[in-house]
Amino acid sequence: MGGCKGDESTFSAEVFDPKTQTWEPLPDPGVELWFSLIKKLETKSGIFLLRSNNNNFFFILLKKCRWEVYRANFGESISKIAEVWYSYDQRECWWYDTKCRKWRLVRGLTEHCRHFSRELGVEIGSYGGKLVIFWVGPALYPFLGTSRIWCAVILLKKHCGRYNEVWGQVEWADIMLTAP
C-alpha cells in the first residue's frame with residue numbers, strides 16, 4: 001500500500017499487485033477516514049484493516065474494491081493469536097469466546113495489568129504465539145521529560161471444558177527503552 005504522485009490527487013492510496021507489477025488506485029474511503037489518524041494497519045488475505053485514532057475499524061475489500069467501516073469498542077488495542085482475538089481495555093486483558101460470542105477476561109493477569117499505563121496508550125501483539133504488551137510507564141526522572149517504554153511477554157493457556165477459560169502467565173517484563 002502506498003501513496004500517489006502529485007498529479008494523481010484524486011486517489012488517496014494505491015496498492016501494488018506483485019503478479020502484474022502495477023499499482024492500482026484504491027477507492028476514496030470517505031470523509032470519516034480522511035480526517036482520522038491511522039493507529040494501526042494490518043493485511044489479511046485480500047483485506048486491509050486500518051484502525052483509526054477514534055477506534056473505528058476501516059476495511060478495504062480488495063476484490064470488491066470498496067471500504068467498510070465497523071464501529072465497535074474493542075478496547076485500546078487488539079491482536080489475533082492462534083485464531084483467538086485478544087484485546088486490552090480498561091486495564092485488563094480480554095479474549096473473544098466464539099462459543100458464547102462475548103469478551104471474557106484473561107485469568108491470572110489482573111494484578112499485572114494494573115501496572116500498564118493508559119495515559120499514552122497500550123499496544124498488544126503476537127510474538128511466537130505469545131501475547132506481548134507494550135506501554136509507556138512513568139518517567140524515571142519526570143523533571144527531565146523522559147519516558148520508559150515497557151514490554152511484557154505473556155504465555156497463554158486455553159483451558160477447554162465446562163468454563164472455557166484462557167489463563168495468562170507473565171514470562172518476562174522489563175523496560176525496553178528510555179526516551180526523551
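## Two four-strand sheets and a nonpolar core

One open sheet here has four strands in the order β7-β8-β9-β10, and the pairing is antiparallel. Its edge strands are β7 (77-81) and β10, each pairing on one side only. Neighbouring strands in this sheet are turned by 30° against each other on average, direction ignored; axes are lines fitted to C-alpha atoms (for helices, over the stretch in contact), and angles run from 0 to 180 degrees between N-to-C directions.

Keep in mind that this is a predicted model, where local features need pLDDT of at least 70 and side-chain atom pairs count only at pLDDT 80 or more, while totals for chains, interfaces and linings use all residues. Residues are numbered from 1 along each chain as its sequence is written, and side-chain values use heavy atoms, with hydrogens and water left out.

**The chain as a whole**

- The secondary structure comes to two helices and 14 strands; helices (H or I, at least four residues) and strands (E, at least two) are DSSP runs, numbered from the N terminus.
- Of the 180 residues in the chain, 33% are buried; buried means under 20% relative accessible area, exposed means over 50%, and partly exposed is in between (1.4 Å probe, protein chains only).
- The accessible surface is about 11600 Å², and carbon and sulfur atoms own 55% of that; areas come from the Shrake-Rupley method with a 1.4 Å probe, and for residues only the protein chains shown count as cover.
- If you take the contacts with a separation of 6 or more, 34% of them join residues 24 or more positions apart; contact means heavy atoms within 4.5 Å.

**Inside the β7-β8-β9-β10 sheet**

- Four bridges join β8 to β9, and these strands run antiparallel; two strands count as paired if DSSP finds at least two bridges between them.
- One bridge to look for links Ser87 to its partner Trp94 in β9.
- β8 and β9 form a hairpin with two residues between them, and Gln90 in the turn has a positive phi of about 50°.
- Next along, four bridges join β9 to β10 (residues 102-105), again running antiparallel.
- Trp94 turns up here too, standing opposite Leu105 in β10, while Asp97 stands opposite Lys102.
- The β9-β10 hairpin has four residues between its strands, and Arg101 in that turn has a positive phi of about 55°.

**The other open sheet**

- Another four strands form an open sheet in the order β11-β12-β13-β14, with antiparallel pairing.
- β11 and β14 (165-179) stand at the edges with a single partner strand each, so one side of each has no neighbour in the sheet.
- Neighbouring strands in this sheet are turned by 25° against each other on average, direction ignored.
- β13 and β14 run antiparallel and are joined by 13 bridges, and Ser147 has Ala179 in β14 as its bridge partner.
- As background, strands of a sheet pair through backbone hydrogen bonds, either parallel or antiparallel.

**The nonpolar core**

- The largest nonpolar core has 18 residues, and Tyr86, Cys93, Val106, Leu131, Ile133 and Leu156 touch the most other members; such a core is a set of buried Ala, Val, Leu, Ile, Met, Phe, Trp, Tyr and Cys residues joined through side-chain atoms within 4.5 Å.
- The elements giving two or more residues to this core are β8 (84-89), β9 (92-97), β11 (122-127), β12 (130-137) and β13 (147-159).
- Leaving aside neighbours within four places in sequence, Leu131 is in contact with Ile81, Tyr86, Cys93, Ile124, Gly125, Ala152, Val153, Ile154 and Leu156.
- In soluble globular proteins, nonpolar side chains tend to be buried together.

**Residues worth a look**

- Cys93 counts as buried because its relative accessibility is 3%, whereas Cys100, at 37%, counts as partly exposed.
- The structure holds zero disulfides; a disulfide is a pair of cysteine sulfur atoms within 2.5 Å.
- Leu26 lies in the loop between β2 (22-25) and α1 (31-34), and its relative accessible area of 4% makes Leu26 buried.
- Leu26 and Ala13 are 13 residues apart in sequence, yet their C-alpha atoms are 5.7 Å apart in space.
- Asp89 has its place in strand β8, and with a relative accessible area of 17% Asp89 is buried.
- The C-alpha atoms of Asp89 and Glu76 are separated by 5.4 Å, with their positions 13 residues apart along the chain counted as the separation.
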